Amino acid sequence: TRGLHPDFMAKEIEQQPEVVADFMATWGPSIGRKLWSPFGLAMPRHLTIVGCGTSLHAGRAVAQVAARLGGIPFTSIEASEVAATTTVPGSLAVVLSQSGETADVLRAVDALHGRSHPILALTNNPHSALARRAQAVMICRAGPEIGVAATKTFTAQVVGGTAVVLSMLAAGGVLDRSDIHRLVTQLESVADLMAYAIGAARGSVPDLVPALVDSPGFVFLGRGPGRVFADEGALKLKELTYRWAESHAAGELKHGPLALIEHGTPVIVVDDGSDRLAATIEEVRARGARVLSIGPEQATIPARTSTNAHGLARGVDWLGPLESVVGLQVLARELAVALGRDVDKPRNLAKSVTVE
Ligand code: M6R
């Protein structure tokens, strides 16, 4: 049941700190060789990340951790495009699907099997077709997610996938015991970071909604580790509000999307405090954009250029700004509620897409 929450999505957003805490209480002590060995997989030299929608975003966030900490290169592919895309021979396919029943994903798994890729699945459903078809399975332990918009399963997939990556790097000798101890402690802190982010979003987002509710469209920007969270924010917003939302790498703006910016266009920035992002923000502000930043309080951009800074605690650098997703989820939901949308059942969408 949704208890005292107005809808399932509200409940599932709020559950994110406990989902992280539960996962870490269960798997935290095993992160390292103990978690990796039962998979029976060799340390990969390349990762192929496969999923759809929010699950693909979670996969990209996880792959970036492997690239950052272990120098492991990756390709990310929409499940529906796997058949048509050349893959790297021997690459470990990391396939993400909260339901484990998405038709595009299962078809991709067949294609990857056909090319002899080992498959590691990250799913929230241990009884799913994906879990049955993969060589190795990590269950994300998010509990049932009823809202069509994926929220807590995204966070669970990022944390679960990160646990797998740390274990892989430990088994491969890239990380030693003391590295693992330090990184696991930081990963545990994500539960508190998410709780803090929920409080920050509750405090700041409702006041922003009246000025945004009539906007026909939204631009999301990020760079580096923040980019995938901007993509996720835009997906949530369009799915729930039925308004268009574009997400771009901040540096790409001047190569086309800048033409969209006019007086009042909301530009939502996953802020990394860098000078390069600050320069992009100045550029859109000069054209009248309404800039909303999501990032740490210490970041220069909210203090300098945005009146509606959404201050977050400083996060875990190597993980990327996972906690920024909370503000983006809350923003999408609050706007959808203000527009009278059914946030748990957006039009045209299904929780589990079992047709190709
Ligand atoms: O069950 P899956 O994780 O395979 O679902 C994939 C997508 O359909 C899903 O993430 C979709 O993008 C969400 N509704 C987004 O909130």
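This passage looks at the ligand site and then at the enclosed space elsewhere in a predicted model.

The ligand sits in the largest pocket. Its shell is made up of 14 residues, with S55, S97, S99, T102 and E239 the closest. By character, that shell splits into 7 polar residues, 5 nonpolar ones and 2 that are charged.

A few polar contacts stand out. The side chain of S97 places a polar atom 2.6 Å from an oxygen atom of the ligand. For Q98 the backbone does the job, with a polar atom 2.7 Å from an oxygen atom of the ligand. V148 also uses its backbone: an N or O atom there lies 3.0 Å from a nitrogen atom of the ligand. As for cover, the ligand taken alone would expose 410 Å², and the protein buries 91% of that. Two helices, α4 (53-70) and α10 (227-241), are the elements that give two or more residues to the shell around the ligand.

Turning to enclosed space, the structure holds 2 cavities of 30 Å³ or more. The second largest offers about 60 Å³. Its lining consists of L47, V62, L92, V94, L120, L122, G161, V164, V165 and M168. Of these residues, 9 are nonpolar and 1 is polar, with no charged ones. At least two lining residues apiece come from β3 (92-97), β4 (119-123) and α7 (152-171). The biggest share belongs to α7, which puts 4 residues into the lining of this second largest cavity.

Notes
Residues are numbered from 1 along each chain as its sequence is written. This is a predicted model: local features need pLDDT of at least 70, side-chain atom pairs count only at pLDDT 80 or more; totals for chains, interfaces and linings use all residues. Side-chain values use heavy atoms; hydrogens and water are left out. A residue is near a molecule or strand if one of its heavy atoms lies within 4 Å of it. A polar contact is a pair of N or O atoms within 3.5 Å; within protein, one must be able to donate a hydrogen and the other to accept it, and residues adjacent in sequence count only if both atoms are side-chain atoms. Accessible areas come from the Shrake-Rupley method with a 1.4 Å probe; for residues, only the protein chains shown count as cover. On a 1 Å grid over the protein atoms alone, a cavity is a set of points where a 1.4 Å probe fits but cannot get out, and a pocket is an open set with protein on both sides within 12 Å along at least five of seven lines; lining residues have an atom within 4 Å of a point. A molecule sits in a cavity or pocket if more than half of its atoms lie within 2 Å of its grid points. Ala, Val, Leu, Ile, Met, Phe, Trp, Tyr, Cys and Pro count as nonpolar, Asp, Glu, Lys and Arg as charged, and the others, Gly among them, as polar. Grid points are joined across faces, edges and corners, and a volume is the space filled by probe spheres set on the points.
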